[in-house]
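Hi,

Here is the structure I promised to pass on. Have a look at it first, and then read my notes below with the viewer still open.

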Amino acid sequence: MSINFPVKIVKEGLAKIAIPDPSLYTNGKRVEPAWAPVFYNPRAELSRDLSVCFLAVYLKGTDKEVILAEPLSATGVRGIRYVIEVNNIKKVFLNDIDKKAFKLIQYNVKLNKIEDKVEVGNEDASLFLLRKKFEGEIFDVIDLDPYGSSVPFLDAALKALKRRGVLGLTFTDTAVAQGVYPHKALKKYFVFAFRTPFSKELALRIFLGYVAREAAKYDLIIRPLFGFHAEYYVRFFVQIDKSGREAHRELLEKLGYIIYDKKTGLRKVLSISNILASGLEKGEVKLGPLWLESFAEQEIVEKMIKEVEKRKFRLFKKEIKILKLIRDEIKISLPFYYTVTEFAQRFKVKEPSPLRVVQKLVGEGFSASLTHFDSKGFKTTAPMEVMYNLFLGGST
Ligand SMILES: C[S@@+](CC[C@H](N)C(=O)[O-])C[C@H]1O[C@@H](n2cnc3c(N)ncnc32)[C@H](O)[C@@H]1O
């Protein structure tokens, strides 16, 4: 097997691992694992020890034989240690997108004489997980240990995991979730994160919350089994189970906010269901978060109208009607419409024609248009009182 860079054999746990000779990748005295052709970070030994230990404890006492995937393996050290140090491991799939890593993993698998239990892959981690699933192989345990965030691989992992399977995740972008870069926290995890004295726990909980939200999309729930923060990273293991009803409850009750007062240091905890109810008058509900700006561009819609006219599709009349309604309604930059039905029911009056309502409102100097969303609907910038008068006054 051709490894075309100098290696050194190290012992970690019960495994022997060939790693790129660290003496060749130093910055002063400090070894820089990222400079080496294949990544091996001795500072992550604690992460691997605790992961091995967690899995051994989790599987102890079961006679279940598990299939595990580590789709971002680098030298293979983590997965190889699982095979050697944890009972009940039937098979491990190791994978890395990097060719040199792929070869080094194969070398290390041989070095530890575990070829019968290990299959090695060389492709993108998500592709690898989804392809395996497509081929009928789903996993009891998936361990994601990437550079930075586990987010890019989470979706595929959720899909490739067996029911009640266990997902291990590493996040090294802890500064983001610790509130050092609030704008990045909003972009990446859609959370508000600011620096606090308890930022390290905040980070772990932000990542857990993110996984719970992603899982809920598929009616999956998470059961956190073990997690910790150390040095520059957060690591945790969650069991993933299927339950539509629980996934809904989990989002409402198990996710939420900490309200932290920078002046006094006071901390308050509010679940999503608390937040939903707070600051509302009787009868009000919160909707969202949702997109508040326009849903189409004027210029594109105009061009589409011309294009549909030119192409004369079988349904062109209907299509032109929709496009013209859209063209008009996007001039009104409000993220909602009204219906004549809602006013008629509220005021117990006959339902007027929406076109008539629009004409009246325009006549009174407000912007108003029909909407393609609903044939009984209209959009307007007119305040509610104006519409109350309009409907109650019977002038429609
Ligand atoms: C932090 S290292 C993994 C360390 C390893 N799990 C350990 O415990 O020592 C991340 C690895 O992911 C690999 N990688 C990066 N992007 C990838 C992708 N899209 N698919 C698969 N592997 C990827 C890199 O080549 C690198 O070897």
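Before anything else, one cut-off that you'll need: a residue counts as buried if 20 or more other C-beta atoms lie within 10 Å of its own, as exposed if 12 or fewer do, and as partly exposed in between. Try it on Asp219, which has 14 other C-beta atoms within 10 Å and is therefore partly exposed. Asp219 sits in the loop between helix 8 (199-216) and strand 10. Its phi is near 60°, a positive value in a residue other than glycine.

Asn88 makes a good partner to that example. Its phi is also positive, near 70°, and again the residue is not a glycine. You'll find Asn88 in the loop between helix 2 and strand 6. Because it has 16 C-beta neighbours inside 10 Å, Asn88 counts as partly exposed.

Keep in mind that this is a predicted model.

**The overall layout**

The domain assignment splits the protein chain into domain 1 (7-270) and domain 2 (298-392). Taken over C-alpha atoms, the centres of domain 1 and domain 2 are separated by 50 Å.

**The seven-stranded sheet**

Seven strands make an open sheet with mixed pairing, in the order 7-6-5-8-9-11-10. Strand 7 (118-121) and strand 10 (220-230) are the edge strands, each pairing on one side only. From one strand to the next, the twist averages 15°.

Inside this sheet, five bridges link strand 8 (residues 139-144) with strand 9 (residues 161-171), and the pairing is parallel. If you want a pair to look for, Asp143 has Gly168 in strand 9 as its bridge partner.

Two helices pack on the sheet. Helix 2 (residues 77-85) touches strand 5 (66-70), strand 6 (89-95), strand 7 and strand 8, and its direction makes about 170° with that of strand 6. Helix 4 (residues 125-134) touches strand 5, strand 6, strand 7 and strand 8 too, but its direction makes about 140° with that of strand 6.

**Around the ligand**

Which residues come nearest to the ligand? Of the 20 around it, they are Leu72, Ala74, Ile97, Ala125 and Asp145. Sorted by type, the residues of the shell come out as 12 nonpolar, two polar and six charged.

**Two hairpins**

Strand 1 (residues 7-12) and strand 2 (residues 15-20) run antiparallel and are joined by six bridges. Lys8 stands opposite Ile19 in strand 2. The hairpin these strands form has two residues between them, and Gly13 in the turn has a positive phi of about 55°.

The other hairpin is made by strand 12 (residues 256-260) and strand 13 (residues 267-271), which pair in the antiparallel sense over five bridges. Six residues lie between the strands here, and Gly265 takes a positive phi near 80°. To follow the pairing, check Tyr257 opposite Leu270 and Ile259 opposite Lys268.

Ile258 is in strand 12 as well. It is 11 residues from Val269 in sequence, yet the two are 4.6 Å apart in space, C-alpha to C-alpha. Leaving out residues up to four places away in sequence, Ile258 touches Arg267 and Val269. Is Ile258 buried or partly exposed? With 13 other C-beta atoms within 10 Å, it is partly exposed. And why does strand 13 lie largely in the open? Because the number of buried residues among its five is zero.

**The three-stranded sheet**

There is another open sheet, with three antiparallel strands in the order 14-16-15. Its edge strands are strand 14 (338-339) and strand 15 (368-371), each of which pairs on one side only. Strand 15 is joined by four bridges to strand 16 (residues 374-380), and the two run antiparallel. One pair to find is Ala368 with Thr380, its bridge partner in strand 16. Helix 14 (residues 354-363) lies across strand 15 and strand 16, running at about 160° to strand 15.

**One last oddity**

The peptide bond from Gly288 to Pro289 is cis, with omega near 10°. Pro289 belongs to the loop between helix 10 (272-277) and helix 11 (298-311).

Cheers

Technical notes
Residues numbered from 1 in each chain as written. Predicted model: local features only at pLDDT ≥ 70, side-chain atom pairs only at ≥ 80, totals over all residues. Near = placed C-beta within 6 Å. Nonpolar A, V, L, I, M, F, W, Y, C, P; charged D, E, K, R; others polar. Pairing = 2+ DSSP bridges. Axes fitted to C-alpha atoms, helices over the stretch in contact; angles between N-to-C directions. Contact = placed C-beta atoms within 7 Å. Domains from an automatic or database assignment.
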